[in-house]
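Student: I've got a new structure open and I'd like to learn how to read it. Could you walk me through it, one feature at a time?

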There are 2 protein chains.
Amino acid sequence: MRAVPSHATLTDVAREARVGTTTVSRVINGGERVSPATLERVQKVIQRLGYQPNHAARILKGESTRTLGLIVPSVADSFFSTCAEAAQKVSRLHHFLLIVTSSNNHGPTELENLNVLIQHRVDGVLIAPAVSHNKELVEVLKRTAIPVVSFDRPIYNSSVPSVVSNNYKGAWEATRHLLSHGYKRIICFGFKGEDSLYTIKERIRGYRQAIKEAKLTAEVDMSISDCESAELAVRTHLQGPNPPDAIFALKNLATIYTCEALQKMDIPVPATIALIGFDDFELASTLNPSITVVKQQIEQIGEVATTLLFEQVKARKKSGVRGSQNERNSETTRLETELILRNSCGCGRR
Amino acid sequence: MRAVPSHATLTDVAREARVGTTTVSRVINGGERVSPATLERVQKVIQRLGYQPNHAARILKGESTRTLGLIVPSVADSFFSTCAEAAQKVSRLHHFLLIVTSSNNHGPTELENLNVLIQHRVDGVLIAPAVSHNKELVEVLKRTAIPVVSFDRPIYNSSVPSVVSNNYKGAWEATRHLLSHGYKRIICFGFKGEDSLYTIKERIRGYRQAIKEAKLTAEVDMSISDCESAELAVRTHLQGPNPPDAIFALKNLATIYTCEALQKMDIPVPATIALIGFDDFELASTLNPSITVVKQQIEQIGEVATTLLFEQVKARKKSGVRGSQNERNSETTRLETELILRNSCGCGRR
DNA sequence: CTGAAAGCGCTTACAG
DNA sequence: CTGAAAGCGCTTACAG
């Protein structure tokens with residue numbers, strides 16, 4: 001017995017089965033051009049040894065790794081974990097493995113993750129970029145032979161196609177809806193440090209546009225980070241000289257913390273202040289009042305992005321050419337959002 | 001220009017820098033025993049070519065892959081995505097990559113994932129096994145040289161250590177708490193098809209024990225799968241000959257759907273029926289009434305399991321021996337749960 | 001139907 | 001400080 005048995009190799013199998021390595025290789029890869037008797041004998045040995053081909057050796061021979069990489073800010077965020085699940089579903093259909101990494105919305109970590117994925121020679125990368133303007137990322141992407149698709153956020157000045165929600169329109173519609181209820185002082189609540197996120201900027205842009213069309217004054221508060229900060233923000237604004245009569249929360253957690261704060265402070269919604277949030281969430285319809293939200297097609301974002309990526313992967317494999325020919329794929333797919341009317345905006349109860 | 005430029009190789013770098021491959025290898029691996037001048041020249045070429053070492057070739061040379069595999073039922077489940085995030089954090093600290101795969105609680109898919117991870121020669125595997133009694137899984141595990149730690153659920157008849165919550169005690173305490181409020185007809189709500197899950201069985205066992213100690217009758221309804229089925233279950237039981245006065249929901253989604261159903265049917269909680277759920281969840285404290293829950297230390301489960309796995313990985317690497325010596329690690333780490341008292345159980349409002 | 005041999009891109013004694 | 005050469009575990013023309 002050897003000291004470190006480690007894994008059985010193809011050569012081990014060949015020796016035990018008394019055949020050449022070529023034959024074993026054929027057996028593993030479908031058994032073409034192998035006699036039934038040999039096939040069976042080799043398969044028995046494979047079974048007995050618990051042989052699993054060494055993926056690394058295959059890659060070295062230029063085989064596809066049949067692996068996709070995914071880079072998201074956080075897998076604990078329900079938006080991204082839903083995308084990841086969708087990406088995994090599509091990957092499995094293609095018999096691909098998905099490597100999930102998280103960047104914490106931190107540029108350097110993201111770049112590091114990308115390099116690790118490149119070292120693993122993944123066949124393609126899905127990325128929700130931490131920063132949409134990122135020269136270094138664009139440089140690495142330009143140099144790599146690997147197809148990339150971004151989702152939730154685009155990558156500017158790159159040839160990378162992206163799949164995003166129509167954040168601008170969704171926010172515009174939500175704000176318009178609040179205006180239609182007669183609210184005049186609508187304030188925007190966002191997360192601390194997320195001013196520069198593409199999605200947030202787009203939503204603010206939509207909000208501002210609607211406010212502008214109504215000839216009212218826009219106000220954005222990006223100080224939310226937890227329930228306490230939401231409470232502080234609400235209190236501050238309500239006690240100010242020109243208190244708001246409605247809140248537009250820019251993302252799921254901002255909405256949730258705002259709900260918790262309003263509830264804790266016993267502020268009647270929508271009587272004293274109305275609320276619409278971007279992103280639907282579990283229990284939004286069960287809260288009292290139920291919360292009106294802008295719903296994104298999250299699964300579809302993950303699904304469409306992954307499907308798009310596979311198209312590129314397959315195309316590349318076929319043509320054997322890389323780089324320049326995907327320049328023309330630099331398109332943005334925009335998925336529409338849906339305004340789900342519940343009670344927090346002032347719409348009547350069923 | 002070549003037709004398929006693909007990736008630059010170490011040999012490319014060596015040629016361009018007019019050095020041997022050994023030297024380039026040294027530069028990539030820390031630059032020991034390389035003169036400063038050479039070091040700089042080689043690094044410049046690496047930069048210029050955007051060279052990234054081929055991970056596969058390193059593995060072939062017996063290097064560690066610096067990769068861990070994770071198998072969970074679903075990354076979209078907040079419990080598991082929280083575990084995954086924790087595992088990723090710990091992995092990153094060790095400069096390891098984490099490959100996340102999902103099994104859908106489906107034995108064959110799980111086994112397939114495990115085999116793919118073995119093919120990738122990951123240095124260790126974290127798994128929340130779909131089925132705790134799984135002979136085939138145990139067989140594969142026994143044969144493989146790779147360290148494995150299970151979490152959330154153990155793997156029976158194997159030498160795999162596991163990290164789980166004290167589900168039994170948590171459920172027993174929750175039931176006892178309901179009993180202390182004077183409820184006599186406490187019913188258990190669980191998810192369809194999850195009767196055989198370790199965690200669920202443990203929780204039911206704790207519930208039954210508490211009921212038995214109170215000399216009352218236990219009843220378990222495993223028909224929940226969404227809001228509608230929860231509504232049906234609630235209606236059926238309330239209209240029955242011996243209507244319940246309290247519900248113990250066996251996991252997060254069961255609690256959430258039950259809340260939605262009760263709210264939709266306008267059933268006063270806890271007046272008509274009280275509720276305690278296993279697993280805390282976002283907004284549990286904001287619902288009206290707020291929901292009393294058994295809280296698990298989710299991050300810790302992921303963290304402890306990953307740390308345990310790294311200990312094994314490092315030990316293996318050092319000793320160079322495998323298999324038998326980890327038999328004695330077959331221990332179960334049990335993390336305590338916490339009963340968070342809110343209003344749905346009948347405890348007074350603040 | 002079958003197999004010997006070359007080679008993928010690295011690392012590592014070994015010799016200088 | 002530096003490099004030629006062997007070899008990791010596969011796949012694949014090529015020859016039979």
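Tutor: Sure! Let's start where protein meets DNA: a backbone N or O atom of B:Ala57 lies 3.4 Å from a base nitrogen of DNA strand C. Keep in mind that this is a predicted model.

Student: Which residues come closest to DNA strand C?

Tutor: There are 25 residues around DNA strand C, and the closest are A:Thr22, A:Thr38, A:Lys61, B:Leu10 and B:Ser25. Of the strand C atoms that come within 4 Å of the protein, sugar and phosphate make up 60%.

Student: How far is a phosphate oxygen of DNA strand C from B:Leu10 and from B:Ser25?

Tutor: For B:Leu10, a polar backbone atom is 2.6 Å from a phosphate oxygen of DNA strand C. For B:Ser25, a polar side-chain atom lies 2.6 Å from a phosphate oxygen of that strand. When you read such a contact, check whether backbone or side chain is involved.

Student: Which elements give two or more residues to the surface near DNA strand C?

Tutor: They are α2 of chain A, plus α2 and α4 (55-60) of chain B. The most comes from α2(A), with four residues. Sorted by class, that surface has eight nonpolar, 11 polar and six charged residues.

Student: Now for DNA strand D. Which residues come nearest to it?

Tutor: Out of 26 residues around DNA strand D, the nearest are A:Leu10, A:Ser25, B:Thr22, B:Thr38 and B:Lys61. Sugar and phosphate account for 59% of the strand D atoms that come within 4 Å of the protein.

Student: What polar contacts reach the phosphate oxygens of DNA strand D?

Tutor: Here are some to look up. An N or O atom in the side chain of A:Tyr51 is 2.8 Å from a phosphate oxygen of DNA strand D. In B:Thr23, an N or O atom of the side chain is 2.6 Å from a phosphate oxygen of the strand. With B:Gly20, a polar backbone atom is 3.0 Å from a phosphate oxygen of DNA strand D. The elements that give two or more residues to this surface are α2 (21-28) and α4 (55-60) of chain A, together with α2 (21-28) of chain B.

Student: Which element gives the largest share of the surface near DNA strand D?

Tutor: That's α2(B), with four residues. By class, the surface near DNA strand D has eight nonpolar, 12 polar and six charged residues.

Student: Let's turn to aromatic rings. What describes a pair of them?

Tutor: Two things: the distance of the ring centres and the angle of the planes. Over all chains, this structure holds nine aromatic pairs. Take A:Tyr156 and A:Tyr198: their ring centres are 6.5 Å apart and their planes are at 70°, so the pair is edge-to-face. A:Tyr156 is in the loop between β4 (148-151) and β5 (162-165) of chain A and A:Tyr198 in helix α9 (residues 198-213) of chain A, so the pair ties together parts 42 residues apart in sequence.

Student: Are those two tyrosines, A:Tyr156 and A:Tyr198, buried or exposed?

Tutor: A:Tyr156 has 30% relative accessibility, so it counts as partly exposed. A:Tyr198, at 8%, counts as buried. Now look at B:Phe191 and B:Tyr257: with centres 6.1 Å apart and planes at 20°, the pair is stacked. B:Phe191 is in strand β6 (residues 186-191) of chain B and B:Tyr257 in helix α11 (residues 252-264) of chain B, 66 residues apart. Both B:Phe191 and B:Tyr257 are buried.

Student: What sits over the ring of B:Phe191?

Tutor: The charged end of B:Lys251, 4.4 Å from the ring centre. In chain A, the charged end of A:Arg203 sits over the ring of A:Phe278, 3.9 Å from its centre.

Student: Last one: where does A:Ser102 lie, and is it buried or exposed?

Tutor: A:Ser102 lies in strand β2 (residues 97-102) of chain A. Its relative accessible area is 1%, so A:Ser102 is buried. Its side chain makes a polar contact of 2.8 Å with the side chain of B:Gln88. Among the other residues that A:Ser102 touches are A:Val72, A:Asn113, B:Glu85 and B:Arg92.

Note on methods:
Residues are numbered from 1 along each chain as its sequence is written. Chains are lettered from A and ligands numbered from 1 in the order in which they are written. This is a predicted model: local features need pLDDT of at least 70, side-chain atom pairs count only at pLDDT 80 or more; totals for chains, interfaces and linings use all residues. Side-chain values use heavy atoms; hydrogens and water are left out. A residue is near a molecule or strand if one of its heavy atoms lies within 4 Å of it. A polar contact is a pair of N or O atoms within 3.5 Å; within protein, one must be able to donate a hydrogen and the other to accept it, and residues adjacent in sequence count only if both atoms are side-chain atoms. Ala, Val, Leu, Ile, Met, Phe, Trp, Tyr, Cys and Pro count as nonpolar, Asp, Glu, Lys and Arg as charged, and the others, Gly among them, as polar. Rings of Phe, Tyr and Trp (its six-membered ring) pair if their centres lie within 6.5 Å; planes under 30 degrees apart count as stacked, over 60 as edge-to-face and the rest as tilted. Buried means under 20% relative accessible area, exposed over 50%, partly exposed in between (1.4 Å probe, protein chains only). A charge sits over a ring if NZ of Lys or CZ of Arg is within 6 Å of the ring centre and within 35 degrees of the ring normal. Contact means heavy atoms within 4.5 Å. Lists of a residue's contacts leave out its neighbours within four places in sequence.
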